[in-house]
Each structure stands twice: as C-alpha cells, then as structure tokens.
Amino acid sequence: MKYQGIIFDLDGVICSTDRYHYLAWKALADRLGVYFDEQINNRLRGISRMASLDIVLERYDGTLSAAEKEAAATEKNELYRELLRQMSPADLAPEVRQTLDALRARGLLLAIGSSSKNAKFILQQIGLGDYFDKISDGTNTTRSKPDPEVFQKAAQFLGLAPEVCLVVEDAAAGIEAARAAGMDSAAIGDAVNCGLATYTLTRFSDLLGCVG
Ligand code: B16
Ligand code: MG
C-alpha cells in the first residue's frame, strides 16, 4: 500500500462546524460594529482563531490592544462552544463513519490534524472521542496552517515518515500545509479549487480509491 497513515482535517472533512463559527464571529463583529458576512467567514477556513480574528478586524475602524484581542477571541470561543453543545452523533455522516471503518480495516493508522483548540470536544460530541489513533490540533501547535507543523506533529505521533502519510483537507491553507510537510493530499469541498492537491474527492468515500 502506498500509505500507512491518513491525517484528517476535522472541520469541513469529518464534520462541519462552519455555521457555528459564522454565528459566533458574526455576534462578535456585530457587537464591535464591524461588517462581517459569509464570504469573509470562508476566508477563515482552516486557520487559527487569532489569525481569524485579524481577518475579522480588517474592517474595524479602531485598534484593539493585545489584551482586548485575547478577550474578543475568548468571547467568540465561548459563543462557539455554546453552539457546539448542539452537536451529536447525528452530525457524523454515515458515509464518513463507514469510510473511516473501511480504511482502518485495511490496516491504516488514522489521525486528526486540525487547527482547532476545540477538536477533542467536537470529536466527543459526534461520538468519535476515542476513535482516532492520534490527535494533533491547536493545543499542540503554535503555527497556523499553511505552516506544516500540525501535520508534522500528527505524523510524529503516529511514528510515520511524511512520505507514507496522506492528508485530507477542505481548506487551501491545509493543502499548502500538507505540501510543505512533504505529504500527499486529498482535497474535498472548497480546497478542490486551489488545484494543488494530489487527489480531488467528489465525496468522502472516494478516499478509498486513493489509498491503493
Ligand atoms: P478554534 P480545522 C479550524 O478547524 C477551522 O476550520 C477554522 O475555521 C478555525 O478558525 C480553526 O479551526 C480554529 O478553531 O477556534 O476552535 O481553535 O478545519 O483545522 O479542523
Ligand atoms: Mg477544515
């Protein structure tokens, strides 16, 4: 087999929390009097919370101190986590679960490589709390995608070389991060448009055809 491990982005690949991110950023932007819409929200895909805040604040008239930025990010995150409480195993598509099970049955190691500091909470909510062999996320990284750190750590946690890992991503920043880590990538959703991935998936189960 060409690969020994698959590293999955979480948000936009395993499940979708886009709507909740949007609602939480929108509430913060409204309170600050900053214009925010779905298009701006799309630019936040895959990048860290503080890097996202900088994009949200591009249209802010004043300036926020470092402490005020921290407080604004915390405010957004508290709203976001409140919304995440609505998630349940019903938010995990059967196709995703079946594909993961089929990959595991082929002997592949499965890891998460997510920018989110809420990754473990989201996985618990959708019933995958103990499913993955390893998790690399925003709690063990300091640099945001497109930096390769989150995927390099995931491969290290799995004990695998980059050449035998395949990254699955929905964000252009994530595909760039995989390339920078020396890993092949499979793009799904928004990431397909960047044209930089090794494979493009129309649906999640197409992954079974990429791993050999
Ligand atoms: P948090 P992923 C990313 O998750 C999201 O796509 C991105 O919109 C978010 O800003 C980032 O996590 C940080 O999330 O505020 O929960 O730490 O796609 O890398 O799984
Ligand atoms: Mg994503």
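Start at helix 4 (66-84): helix 4 gives the most to the lining of the largest pocket, 5 residues in total. Keep in mind throughout that this is a predicted model.

**Stop 1: the largest pocket**

Show the pocket around helix 4. The volume of this largest pocket is about 600 Å³. Its lining counts 34 residues, and those closest to the centre are Ile47, Ser48, Arg49, Ser115 and Ser116. Select these five and centre the view on them. Next, colour the elements that each give two or more residues to the lining: helix 1, helix 2 (38-42), helix 3 (49-56) and helix 4. Then colour the lining by class. You should get 7 nonpolar, 16 polar and 11 charged residues.

**Stop 2: the two domains**

Zoom out. Give one colour to domain 1 (5-15 + 89-209) and another to domain 2 (18-84). Where does the largest pocket lie with respect to domain 1 and domain 2? Both domains give residues to its lining, so the pocket lies between them. The C-alpha centres of the two domains are 24 Å apart. Look at where they meet: 13 residues of domain 1 are in contact with 11 residues of domain 2.

**Stop 3: the magnesium ion**

Select ligand 2, the magnesium ion. Its protein donors are Asp9 (OD), Asp11 (O) and Asp170 (OD), at 2.0 to 2.2 Å from the ion. Along the sequence these donor residues follow the spacing D-x1-D-x158-D. Trace the chain on either side of two of them. Asp9 sits in the loop between strand 1 (5-8) and helix 1 (18-32), and Asp170 in the loop between strand 4 (165-169) and helix 8 (172-180), so this pair ties together parts 161 residues apart in sequence. Are Asp9 and Asp170 buried or exposed? Both are buried.

**Stop 4: helix 7**

Select residues 149-158, which form helix 7. Show the side chains of Glu149, Val150, Phe151, Ala154, Ala155 and Leu158, which are buried. In an α-helix there are 3.6 residues a turn, so residues three or four places apart point the same way. Now see what surrounds helix 7. Its buried residues pack against strand 1, strand 2 (109-113), strand 3 (134-136), strand 4 and helix 8.

Stay here for two details of the backbone. Just after helix 7, glycine 159 has a positive phi of about 75 degrees. On the other side, in the loop between strand 3 and helix 7, find proline 146. The peptide bond from lysine 145 to proline 146 is cis, with omega near 20 degrees. As background, most residues other than glycine have a negative phi, and most peptide bonds are trans.

**Stop 5: arginine 85**

Go to the loop between helix 4 and helix 5 (94-105) and pick arginine 85. Its relative accessibility is 57%, over the 50% cut-off, so arginine 85 counts as exposed. Leaving out residues up to four places away in sequence, arginine 85 touches Phe121 and Gln125. Draw a distance to alanine 111: the two C-alpha atoms are separated by 23 Å, with their positions 26 residues apart along the chain.

**Stop 6: leucine 201**

Finish at strand 6 (residues 199-201), where leucine 201 is found. Leucine 201 counts as buried because its relative accessibility is 4%, under the 20% cut-off. Show its contacts beyond four places in sequence, among them Val168, Ile188, Val192, Leu207 and Cys210. One last distance: the C-alpha atoms of leucine 201 and methionine 50 are separated by 30 Å.

Methods. Residues numbered from 1 in each chain as written. Chains lettered and ligands numbered in written order. Predicted model: local features only at pLDDT ≥ 70, side-chain atom pairs only at ≥ 80, totals over all residues. Heavy atoms only, no water. Donors = N, O, S within 2.8 Å, 3.2 Å for Na, K, Ca; no water. Helix = DSSP H or I, 4+ residues; strand = E, 2+ residues; numbered from the N terminus. Buried < 20%, exposed > 50% of the residue type's maximum accessible area, 1.4 Å probe, protein only. 1 Å grid on protein atoms, 1.4 Å probe; cavity = no way out; pocket = protein on both sides within 12 Å on 5 of 7 lines; lining within 4 Å. Points joined across faces, edges and corners; volume = space filled by probe spheres on them. Nonpolar A, V, L, I, M, F, W, Y, C, P; charged D, E, K, R; others polar. Domains from an automatic or database assignment. Contact = heavy atoms within 4.5 Å.
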